[in-house]
Amino acid sequence: MPDSPAERTVQPSADDPKLSAADQASVDQYLRSGSNSVERKPFRPWLLLVVILVVMTLLSLLSYWIARFKGVV
């Protein structure tokens, strides 16, 4: 028995806009205004690597000291 027209759902195609033209214009204007942009420093991966290594070394030394203090090592 075929589905009744009321039970069928309409699938939007990829070409259908999700916003009305007025809403899209408001979004575009907000994005162009620059109020949501922040000036950031450039990403420095070497500094991140150094910080990670320092933290890992300190945690390793702390765990070694605790193990020595408790008589495990």
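Which residues form a nonpolar patch on the surface? I looked this up in a predicted model. The patch is made up of Leu47, Val51, Val55, Leu59, Leu62, Trp65, Ile66 and Phe69. Together these residues have about 800 Å² of accessible area.

**Entry: the chain overall**

I checked the fold elements and found 2 helices and 0 strands in the protein chain. Next I looked at burial: of the 73 residues, 1% count as buried. I then took the accessible surface of the protein chain, which comes to about 7600 Å². Carbon and sulfur atoms account for 64% of that surface.

**Entry: helix 1**

Helix 1 covers residues 21-33. I compared its length with the expected rise: its 13 residues, at 1.5 Å a residue, should span 18 Å. The end C-alpha atoms of helix 1 are 18 Å apart, so the two values agree. Just after helix 1 I noted glycine 34, with a positive phi of about 80°.

**Entry: helix 2**

I ran the check again on helix 2, residues 45-69. Its 25 residues should span 36 Å at 1.5 Å a residue, and its end C-alpha atoms are 36 Å apart, which agrees. Glycine 71, just after helix 2, takes a positive phi of about 85°.

**Entry: aromatic side chains**

How many aromatic pairs does a search of the whole structure find? I got 1 aromatic pair. The pair is tryptophan 65 with phenylalanine 69, and it is stacked, at 5.5 Å centre to centre and 15° between the planes. Both residues lie in helix 2, 4 residues apart, about one turn of the helix. An α-helix has 3.6 residues a turn, so residues three or four places apart point the same way.

Is phenylalanine 69 buried or exposed? I found a relative accessible area of 60% for phenylalanine 69. Exposed means over 50%, so phenylalanine 69 counts as exposed. Tryptophan 65 is exposed as well. Both residues also appear in my list for the nonpolar patch.

Terms used
Residues numbered from 1 in each chain as written. Predicted model: local features only at pLDDT ≥ 70, side-chain atom pairs only at ≥ 80, totals over all residues. Heavy atoms only, no water. Buried < 20%, exposed > 50% of the residue type's maximum accessible area, 1.4 Å probe, protein only. Areas by Shrake-Rupley, 256 points an atom, 1.4 Å probe, with all protein chains shown as cover. Expected span 1.5 Å × (residues − 1). Patch = residues over 30% accessible without salt bridge, like charges linked within 9 Å, V, L, I, M, F, W, Y side chains within 5 Å. Salt bridge = Lys/Arg side-chain N within 4 Å of Asp/Glu carboxyl O. Phe/Tyr/Trp six-rings, centres within 6.5 Å; stacked < 30°, edge-to-face > 60°.
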